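Notebook open, structure loaded. I'm jotting down what I looked up, in the order I looked.

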Amino acid sequence: MNWKPKLGLLITLVLIVSVLSPIALASEPVTDLDVAPGVPRHETLILENPEGRIADPGRFNRWAPGGGDSTGLQQLALDTLWYIDPDAGIDGPWNNSLAEAPPVYNEDYTQMTAKLREGIYWSDGVEFTADDVLFTVETLMANPTMEFGAQLQLNVEKVYKTDDYTVVFDLKQPNSRFHAIFTVRWSACFIMPKHIWETVEDPIAFDFNDPLVSVGPYVIKDYDPNGYWFLWERREDWERTSLGMQFGMPQPKYALYTAPGPSDKRVIAQSNHELDVIHDASPEGMITLLKRNPTSIGWFEGFPWAHPDPTLPSVFLNNEKYPLNMKDVRWALTLAMDIVNISMASTNGAATLSAIHLPPTGGYLEWYFDPIEDWLREYSIEVDGELFHPYDPTASLRVAEVARKQLGDQVPTDVTEIKKSLGYGWWKHDPDVAEKLLLRNGFTRDRRGKWLLPNGDPWKISILCDAQARPLMARIATMIAEQWTKFGIDAQAEASELSIIDTRVRYGDYEVSIGWCIETWGGHPDLFWFLESWHSDYYRPSGEPAVNKNPMRFRNEELDGIIEAIKARDFDDPECIGLGIEYLKICVENMPIIPIMAYNVFSVCDEYYWEGFPTAKNPYTNPVANWANTKYMFPMIRPKQQK
Amino acid sequence: MRGFLRVVADLYRSDPRCRFAFTAISIVIMFALMSFVSPQDPGSSYYAPPNQPPSVAHPFGTNSRGQDMFWFLTFAVRNSLVFGVITAILSRIIAISIGLIAGYKGGIIDRIMMVINDSFVVLPVLPLLILINFIIREQMSILQLAMVIAAFGWAWDARLIRSQVLSLKEREFTYTSVFSGTKTSSILISEHLPFVMPIVLSTTINNLLWAIGMEVTLAVLGLSNIGIPTIGTTIYWANQHQALISGVWWWIAAPVAISVLLFVALYLLVVGLGAYLDPRTRLQRMKGVLSDERA
Amino acid sequence: MSRNQPLLDIHNITKLYSVGGWLSRNKIAAVADVSLSMLAEEPEILTLAGESGSGKTTLARMVLRLVEPTLGRILYKGRDITSIRTRKEQIEFMQDIQPIFQNPFEAFNPLKKLESYLFETAKNYDSRENGSIEDRIESALNLVGLSMREIRGRYPHELSGGQLQRVSVARALIASPSLLVADEPVSMIDASLRMSIVNLFKDLKDRHNVSIIYITHDLATAYYISDRIAIMQRGHIVEIGPVKKVLAEPFHPYTRLLRESILEPNSETAWDEEITLSTIETKEFARQGCKFANRCDSRLPICEETEPPLSFVDGREVKCWLYGVQGKHDTAS
Amino acid sequence: MSVLRIQNLQAYYQSTLYGVTRNVKAVDGVSLDLRANEIYGIAGESSCGKTSLIKVVFGAIKPPLTIIGGRVLYQINDRDFDITQTNDETLRQMRWKQVSYILQGSMSLLNPVRRVRKTFWDFTKAHEPVIEPEKFEATTREHLNRLGLPAEVLDSYPHQLSGGMKQRVAIALATIFQPKVILADEPTTALDVVVQRGVLQLLRRIQQETKNTLVIVTHDMGIHANIADRVGIMYAGRIVEEGTVKHIFSEPRHPYTKHLIQSLPKIGDKSKRQSIPGAPPNLADPPAGCRFHPRCPYAKPICSVQTPELSPIQDERRVACFLLTKENAHVS
Amino acid sequence: MGKSFLTYVIQRIAQCLLVVIIGITITFLIPRFSPTDPVEAVVNRAMMMGQFSHPDAVEMMKDALTKLYGLDGTLGQQYVRFWRGLLSGDLGPSLSSFPKPVMSLIRGSLPWTGALLLTTAIIAWVTGNMLGALAGYYADKRWSHVLSIIAMSLHPIPYYIMAFVLLVLLAYVIPVFPLGGAVAIGLKPGFNWIYISSILRHAFLPALSLVLVGIGGWFVGMRALVTNIVSEDYVTYAEYAGVPNRTIMYQYVMKNALLPQITGLAMQLGLIFNGALITEYVFNYPGLGYLAYSAIFAGDYSLIMGVAVFSIIGVSLAVLLVDLAYPLFDPRVKHQ
């Protein structure tokens, strides 16, 4: 009985069949020519939605929690009065979108008037008018849990129209920056279609899904009931939108926002030409892509490729916590950091450094970095009777040098180019001076060289960072921990989740954390946007939630004066820049947080199906896919002929 | 101790599986111990040229953080091992106590214990671990993580042990001990424990594997203490630097290969040791008379 | 019968078990309404005999408190043994009643040294005589014909079955019990060694005043050592009385069957008539009337319906309608 | 006419366990001659090698059990073969059809999760691959009927049967093809007296009906006395005495046999009986010479040096003892 | 007769209920100690807009949200409210996707997780046991050793790595399978070959990774069981009787060894989340695991609870069913 070979045969057969059958299924090509039935690949732009899977994909109510923001919704379907581009913009950073002109304030900033564009239509054919704006404001004011609701309630005394295209806001108190609510930087308060929403009983519960009426150039065509992808189709009447009206036809007939999964997969997907715009790759992913896929491009043509977001990752120091409440200690910690290594560890050197408390992006180099450079070079602190100049104007050059060892010629050699892409300078790595600063404040070292606090306790620091959603922060924190440890502080990176970090930081339940509380318009020099909450009026001690951007609990009388002065001036008043420079000097002096670099986003675009993506050479907008501003990409890119 | 060494020697000599297992385990342990003489601190980085493939100077290559993978892994393997072993021991203590007591006492105690036990069996462990991690991760040491994971890793094994004890307590030698006036606790420990040892051993390996797997899972999701080098955080960092697709395969391959080697060795050891400890073969060995020859 | 307090007094005990599978379940009485007593001043060896499933082991286990009776009482020296709660009471009880198990290889943990059992026992029970622990162990071993020299450092497998069973007895004796409950103590012992153990039991009774409940299906050894014998069938004692009377001239048809089934080691007496075997045991448990009726050659119509009473006949008690008078009641004390 | 001749068979358990090599001399020079139409009893205590002997005779030789020497010759249907030399396929064909085996431990012989009918089917099918279900059912029922077993057992699972019934099913399984030789190893151990008698009477009836050879191996002398025609007494791997059942029980000659028979209690006889002193030897390290000599009250110096041969002392009677063999009689 | 069975069933169900209640209570309590707070999460998100929000506005928002989410009141009150809702089949609204009912979120993901994991669990179980049984039955053969080593080596490979290596190999180096998702974009659900083949093609890599890692455990367990059973008397007896090896292997060895593995399979369902979460993460598979994962990050108590409740009830039910059905597999089992 020869059953043994038979059984073996049977099992082998089963295994072969089970392996082969799906491969046979796979004979259907993977890189389909069509993205979806009837949606040709070459007419589609595929972008990454960094939010990942959207739990409730059918919810398009952008004004209340739930659903996704960056699914194309805020980029392609919604619109508001004004946009400020973080970069140069197509015709300047300021764009009047639904508004026809910039906001007009009265003398004492208690009234703002917005003039709307005519000829804009909702995708269902209803005209967009002042009624929509009024309705939006009133609805939100009636529902403080909706985004901007509480804020509008606090600001707006009355809103009314003088005609169908003019909206007037009477404000409760003077506010020269009220228009910011309706000005997109990353996002803003978008306008609702009144004719859809007015019948809705509970605006919070409303999904805004049947139909999703768009005022942007695209309408939703289909979406994954499981929230992984959203497919948009260009409106037939695209020219009746502010984008089409101003800049012509958006080129892709379709736009697909997808969540491609872990970062490795984004790289694979783009190599397979299945993802045109990666929101943010890791630096290594970027390098790999450039090696593997000749059509992939970054913001800069060469190193450091990444787009510097107008946000400033910094080392938050809780200014209330001993010993961080001492200026010398904060400075000592700064001088104990070696920016070259931090840059290498976090981004392989592809970081745009900033020694001062503003992100080195957009117009800021010109507005703030150039004017203050000389002052920085001269700036000194007194240590043991000697003057020490802490500024190191060559920091970015040194980074470039180290990076060149690894990446070769891709790293620029031209100083101007380096300054533009890698930043100007940073603070010196000078542990000796740092040591002196500590010693003079009563710190001592134990036998093993570890620092002891003036009260004799060992000095321990744990650096709160996000290892999950923003690995860059973890990489920075780990490197700083390593450097501080070498310096003699018992430092450790403490990874946690974004929601926990945010809450802890807001409540002051931390000593050191990596994050950002300084962010700017990028395309506009106004600082009031983030600086307002640094005013000591809004100071909240640890234990109470910090107001917006002052989690480090910093207050300074001189700064209060500057903030008040900015507030009293117009948004576009050039004097604001001078005041801003004074703000920078105060910060350098006190070092409330240690600035590190711009948030460099490794947005990678694939010029396989499309070309003309925004780059540093042609900086008409920001390629970072989740920004509402990326809508400007659509009329500017061009299909590329495939061989 | 001498007895232990004899057992090891016996197994080593007679069983090729065990010979391989001992060798491999010794290598892994030696490797882990080398962390104590490591010239490199696992907390420092960029001391070596990054992304170097394995070579004489760097047997496991270097990673993108400029760390020598050989020396880095000595720490990672040591910590993962320590973590796994602590978890396994703690959860064994729970599983053995619950299993022995529930099985021996029976009745209402058994019922209550088994309801609790089953409740733990049906819990969705990973989401809960993630949550607990949220609550107490801050600076969670290896020991604390081990305690948390151990708290979820005993239930199924306790059931296995209990079912064995259910039959053991009906064995005559149990009654002999009872009538010798022996206390319940020592009956459980000195009479029943040796019999459940083979099963304890094999569940220990599974538990160890499960625990280290859990740690890797948490780390991959960015949920562990990234400051401590472990197999999990090694993979975390490799992922952050996209080692798999940027060609730095040794960053992932080295820890995976070590854990595969370790576990294959542990399995083989358990098979060999299980046979050795199994009361049946143990008797055969000691008596030299084959059991089928007894009427 | 002496009106002195009995050593062991079993009153109408019953043990019910549930049997059956998924869809059917019955309660069967492993031991049904059994009464029995042993006297204190006059040590005896009482044999419980019967086929497997007759309830003899369950009965013994109830006496040992390893199984709790469903109904009825067991008094040991006048004390209801179910009232034992504390460890102290338990120890006192066990010091008086000790078990000997069937399989000496099973009675000791194969992974433990034998002496540990002896030390453990000696340690846990107070000596009734003076002497160190060592001495008490040595004298118990001497009683069974062994000495510490032969035991020290040995594991169970290193001894023969006979030796092990002696150790088992010695261990029990360390507690100086008044009653030994021996469940098939020689069935696993080789024939060439068996009698030494049997003789040992006899000796213990004769010379050391230990009463023994001896459970066996081997009627030959039962005859050899015991004073009284109780034949059990399907939970009932069907015949009880002096061993010489019961086995020499069995009354109950079941006892007769048992007696006839014995394979005498003598080719002259080889049997030749065939017997009927019961096929389904649980049916026999569940049947009304006499449990033996379906196998009985001399069954009467009444046997099918009504359970026979225990009748006192010719120095023994028999539970059979052939001897019973209707309406006559249980005569067991 | 002999059906089975065992010639100077030596079978050892050769094992190397954790570095210790052992030779357990389970069967050490056994010669037997079994005839058609007889019940041959092999008596011996635990670990005397009787099970190993039966295994070798059945050809169930798996490591560590190893044949060291000797032959096991079957003469069935005019075919001769030595089971120690036969290939697997012949062995498989021969088994159950010609020789079957009832294993010790009836309680676990049946697959607990398989209905008895299926087991019968498997066993039948193994040797009659083309049998049809109807025919199988009919023959099986007839077979059971012949053995006095209810056909309902076919629908049962093993656990639903009593111990005695299981053993009878095992016997029925072993006899479906009416083999010429049936080897039964402790077929009634762990059964009650009454059941035991029933099972033995079944075995005897089968033997009487088919006139085959039944080999019963058991330590229970009562069984031999009651059903065997001839009995071989085995001690420590060797046959020490062989004779008709009558002779063995009425006049045992070997000191071991004598003691064994005399130590058995009998109902109606309360006279004192004694066990044989000492214990059977460990077969891994048996004593030199006659293996019984350390326990033998009649041992002479030669007994510890030379091994006595199993020699005929009268018709149908063979004994291995220097006290009885003529050529050594003078040595005393 | 049937009555006693009924009593048993009732007892067993009561025990199952108790297990469910304890399990759910544990799962209810743990997130309450979590520092993630759904209200704070929404507030943080609002802050992300970069806009200045007045502290009073934030406070207003927080109070309103707390009420809206039903997070006001003591732990006890929340617990009672939770059970009241659960018993009426309502798990409440999701907090991170407010006001979407948790039930409807789960409804969307459950079929995917269920189908993928059940199928792979069964495939892994069958293949693992099959190969394990063969390897155990022919323990002396060379191929048996090789198979064992392979199975044992697969077992310790982390899910993530296994999944990713397969992905890189079969979706990148040799791009025959899609990178992720459950079905091709834009395909309308329907009972047609295109849709079904798309599902199969998308499920292949996730399934393969789960199966490969899952096989090892069953293999090792089965092999050990078989090695024990092979020495059972009834196997020897059947071998002696010349029953063909194949019959012995399947009917005598494997069938018996499978019994403990059946309970194992039911219990295994409890481990579903480990594999599922990572698999879904790597392959963008729209299942419950990833849903739970994001719920945790959003501090979405009600969604966490929802997924946990489903998991606990699912596993308990599976174990209960296996327990009740066990006598069908094993005729010896008596319910007591």
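**Entry 1: a helix in chain D**

I started with helix α3 of chain D, residues 116–125. This is a predicted model, so I'm treating everything below as computed. In α3(D) I found D:V116, D:T119, D:F120, D:D122, D:F123 and D:T124 buried. The general rule for an α-helix is 3.6 residues a turn, so residues three or four places apart point the same way. That was handy to keep beside the list while I turned the view.

What do the buried residues of α3(D) pack against? Within chain D I noted α4 (133–146) and α5 (163–174). From chain E, α9 (233–240) and α10 (245–268) join them. I wrote down both chains, as the packing of α3(D) takes in elements of chain D and of chain E.

**Entry 2: a hairpin, also in chain D**

Next I checked strands β4 (residues 65–76) and β5 (residues 79–82) of chain D. They run antiparallel, and four bridges join them. D:I76 of chain D stands opposite D:R79 in β5(D). The two strands make a hairpin with two residues between them. In the turn, D:N77 has a positive phi of about 50 degrees.

**Entry 3: A:R59**

I went looking for A:R59 and found it in the loop between β3 (44–48) and α2 (73–77) of chain A. Is A:R59 buried or exposed? A:R59 counts as buried because its relative accessible area is 1%, and the cut-off for buried is under 20%.

I then asked what sits around the A:R59 side chain. One of its polar atoms lies 2.6 Å from the backbone oxygen of A:I204. Leaving aside neighbours within four places in sequence, A:R59 is in contact with A:A64, A:P65, A:G66, A:G67 and A:G68, among others. The list also includes A:I204, A:A205, A:F206 and A:D207. Chain E turns up there too, with E:F98 and E:P99.

**Entry 4: chain A against chain E**

That sent me to the A and E interface. I noted 79 residues from chain A and 78 residues from chain E in the contact. The buried area is about 6,800 Å², and carbon and sulfur atoms give 62% of it.

How many salt bridges cross between chain A and chain E? The rule finds two. I wrote down A:D56 with E:K100, where the closest N and O atoms are 3.1 Å apart. I also logged 12 residue pairs in polar contact across this interface, both residues at pLDDT 80 or more.

On the chain A side, the elements giving two or more residues are α1 (3–25), β1 (34–36), α4 (149–155), α7 (263–271) and α16 (498–506). The largest share, 11 residues, comes from α1(A). By class, the chain A side divides into 41 nonpolar, 16 polar and 22 charged residues.

**Entry 5: chain B against chain C**

Last stop for the day. Here the contact takes 23 residues from chain B and 28 residues from chain C. I put down about 2,400 Å² of buried area, with 59% from carbon and sulfur atoms.

The rule finds two salt bridges here. I noted C:E106 with B:R171, the closest N and O atoms being 2.9 Å apart. The polar contact count is 16 residue pairs, both residues at pLDDT 80 or more.

Which elements of chain B supply at least two residues each to the side that touches chain C? They are α8 (172–179), α9 (184–220) and α12 (279–287). With seven residues, α8(B) gives the most. I closed with the classes on the chain B side: nine nonpolar, six polar and eight charged.

How values were computed. Residues are numbered from 1 along each chain as its sequence is written. Chains are lettered from A and ligands numbered from 1 in the order in which they are written. This is a predicted model: local features need pLDDT of at least 70, side-chain atom pairs count only at pLDDT 80 or more; totals for chains, interfaces and linings use all residues. Side-chain values use heavy atoms; hydrogens and water are left out. Contact means heavy atoms within 4.5 Å. Buried area is the accessible area (1.4 Å probe) that two parts lose on being put together, summed over both. A salt bridge is a side-chain nitrogen of Lys or Arg within 4 Å of a carboxyl oxygen of Asp or Glu. A polar contact is a pair of N or O atoms within 3.5 Å; within protein, one must be able to donate a hydrogen and the other to accept it, and residues adjacent in sequence count only if both atoms are side-chain atoms. Ala, Val, Leu, Ile, Met, Phe, Trp, Tyr, Cys and Pro count as nonpolar, Asp, Glu, Lys and Arg as charged, and the others, Gly among them, as polar. Buried means under 20% relative accessible area, exposed over 50%, partly exposed in between (1.4 Å probe, protein chains only). Two strands pair if DSSP finds at least two bridges between them.
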